[in-house]
Structure formats: structure tokens, C-alpha cells
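I'm opening my notebook on a structure I haven't looked at before. These entries are in the order I looked things up.

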Amino acid sequence: MIWRDGDHDFMFCLTLLKHKLESMRKHITRHDIHVDAKKTGTQIIYAEELLRMIIDNDYCRDEWDEHEEKWGETVMIDNPAEDGLVAIEITTLKAQEEGRQKQERREHIAIYEKEKEREEQIYDELFDHLRENIRRWWC
């Protein structure tokens, strides 16, 4: 696990935490370390699942899949400007062909905003859960 570490991205820290929790859960439940070992195992599994969602960026997978099914794959189109810079337009070819970029864009932004909200909720859930339970897991 350590050989995949990097100091440039917080995801490595979360991946290490997930790995450590998984290892501790297996040890606690396998050896029945304390009276509530089974309950502890369930609580740790919950933390692992929240970490998996963060690591996999899995907040609105179904919504993105539906969006892609409706509009097709998202593409980036370079639009060179007169000043030599390039403006990048994010759209779908289907929306462009049908002249419905604004509608597609509104739907895209709505999913993005929902995704950011869920991301915050999951981070809060994870760290609240750890704060409430982690010190009891090793007793």
C-alpha cells in the first residue's frame, strides 16, 4: 500500500485509511477482540463504504448514467478566440446537433450541484461516524 502513496493528493491518505480500517476490522472480527466485535465490524464496514464512495467519486453515478443515455457522451470542444486563447465548451454532440445545448447544460449543472452536495454530506457522515466511534473500536 505504501508504495502507491503520494504526497500530492489527499486521495492517497483516504486510501490508506480505508486499507487500515479494513485490516483492523478483519483482525477485530476474526479474533473477537472485544465484546462488541461484531458491532464494531459493522461500524467499520460503514466507514469503509463511505471512503469507497469518496475514493471512487461515486456520488451521482445513476444520474450521470441517465444524463449520458439521454444526451450522449460529454465532449470538450475547443473554440479559439481572437486573442489567441481557447475557450473550452463542455457539451454533448447530440445537444449540439439538436440545438439544445442550454437545456443539456442546465441538466448537467443540476447534477453537478447535486453531486457536490452529496460529496459534502458523505464527508460529514464519514468524519462524524469516525469521531463518534473510532476510539471504541480498539477497546
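**Entry: N133.** I started with N133, which has a relative accessibility of 8% and so counts as buried. I then checked where N133 sits, and it is in helix α5. One thing to keep in mind from here on is that this is a predicted model. I also looked up a distance from N133 to I44: they are 89 residues apart in sequence, but their C-alpha atoms are 8.9 Å apart in space.

**Entry: H108.** I stayed in helix α5 and went to H108. Buried or exposed? H108 comes out at 14% relative accessibility, and the cut-off for buried is under 20%, so H108 counts as buried. I listed what H108 touches, skipping neighbours within four places in sequence, and got W64, H67 and T74.

**Entry: α1 against α5.** Next I wanted to see how helices meet. I took helix α1, residues 10-30, and helix α5, residues 101-137. Their axes come within 14 Å and cross at roughly 40°. That angle makes α1 and α5 oblique to each other, because oblique covers what is neither roughly parallel, roughly antiparallel nor roughly perpendicular. I noted the hand of this crossing too, and it is left-handed. From α1, the contact uses F10, L14, L17, L21 and I28. From α5, it uses Y123, F127, L130 and W137. I sorted these by class and found 9 nonpolar residues, with no polar and no charged ones in the contact of α1 with α5.

**Entry: α1 against α2.** I kept α1 and swapped the partner for helix α2, residues 37-55. The axes of α1 and α2 come within 9 Å and cross at roughly 160°. Angles over 145 degrees count as roughly antiparallel, so that is the label for α1 and α2. This crossing is left-handed. The α1 side of the contact includes M11, L14, T15, L17 and K18. The α2 side includes A37, T40, G41, I44 and I45. By class, I wrote down 12 nonpolar, 4 polar and 5 charged residues for the contact of α1 with α2.

**Entry: R25.** I picked R25 out of helix α1 for a separate look. What does R25 touch, not counting residues up to four places away in sequence? I found G41, I44, I45 and E48. R25 has a relative accessibility of 16%, so R25 counts as buried.

**Entry: the nonpolar core.** I asked how many residues the largest nonpolar core has. The count is 16. Those with the most contacts inside this core are L21, A47, I54, I122, L126, L130 and W137. I checked which helices feed the core, and α1, α2 and α5 each supply at least two residues. The helix that gives the most is α2, with 7 residues. As background I jotted down that in soluble globular proteins, nonpolar side chains tend to be buried together. I followed one core residue, A47, to its contacts. Leaving aside neighbours within four places in sequence, A47 is in contact with L21, L126, H129, L130 and W137.

**Entry: two partly exposed residues.** I then went looking for less covered positions. F12 lies in helix α1, and its relative accessible area of 24% makes it partly exposed. F12 and E120 are 108 residues apart along the chain, and I read 19 Å between their C-alpha atoms. E49 lies in helix α2, and at 36% relative accessibility E49 also counts as partly exposed. From E49 to V86 it is 37 residues in sequence and 40 Å in space, C-alpha to C-alpha.

**Entry: positive phi.** Last, I looked at backbone angles. Most residues other than glycine have a negative phi. D32 is not a glycine, yet it has a positive phi of about 45°. I located D32 in the loop between α1 and α2, and at 53% relative accessibility it counts as exposed. N57 has a positive phi as well, near 55°, and is a residue other than glycine. I placed N57 in the loop between α2 and α3, where α3 is 61-71. N57 counts as partly exposed at 40% relative accessibility.

Methods. Residues are numbered from 1 along each chain as its sequence is written. This is a predicted model: local features need pLDDT of at least 70, side-chain atom pairs count only at pLDDT 80 or more; totals for chains, interfaces and linings use all residues. Side-chain values use heavy atoms; hydrogens and water are left out. Axes are lines fitted to C-alpha atoms, for helices over the stretch in contact, and angles run from 0 to 180 degrees between N-to-C directions. Helices (H or I, at least four residues) and strands (E, at least two) are DSSP runs, numbered from the N terminus. Angles under 35 degrees count as roughly parallel, over 145 as roughly antiparallel, 65 to 115 as roughly perpendicular and the rest as oblique. A crossing is left-handed if the near helix is turned anticlockwise from the far one by less than a right angle, and right-handed if clockwise. Contact means heavy atoms within 4.5 Å. Ala, Val, Leu, Ile, Met, Phe, Trp, Tyr, Cys and Pro count as nonpolar, Asp, Glu, Lys and Arg as charged, and the others, Gly among them, as polar. Buried means under 20% relative accessible area, exposed over 50%, partly exposed in between (1.4 Å probe, protein chains only). A nonpolar core is a set of buried Ala, Val, Leu, Ile, Met, Phe, Trp, Tyr and Cys residues joined through side-chain atoms within 4.5 Å.
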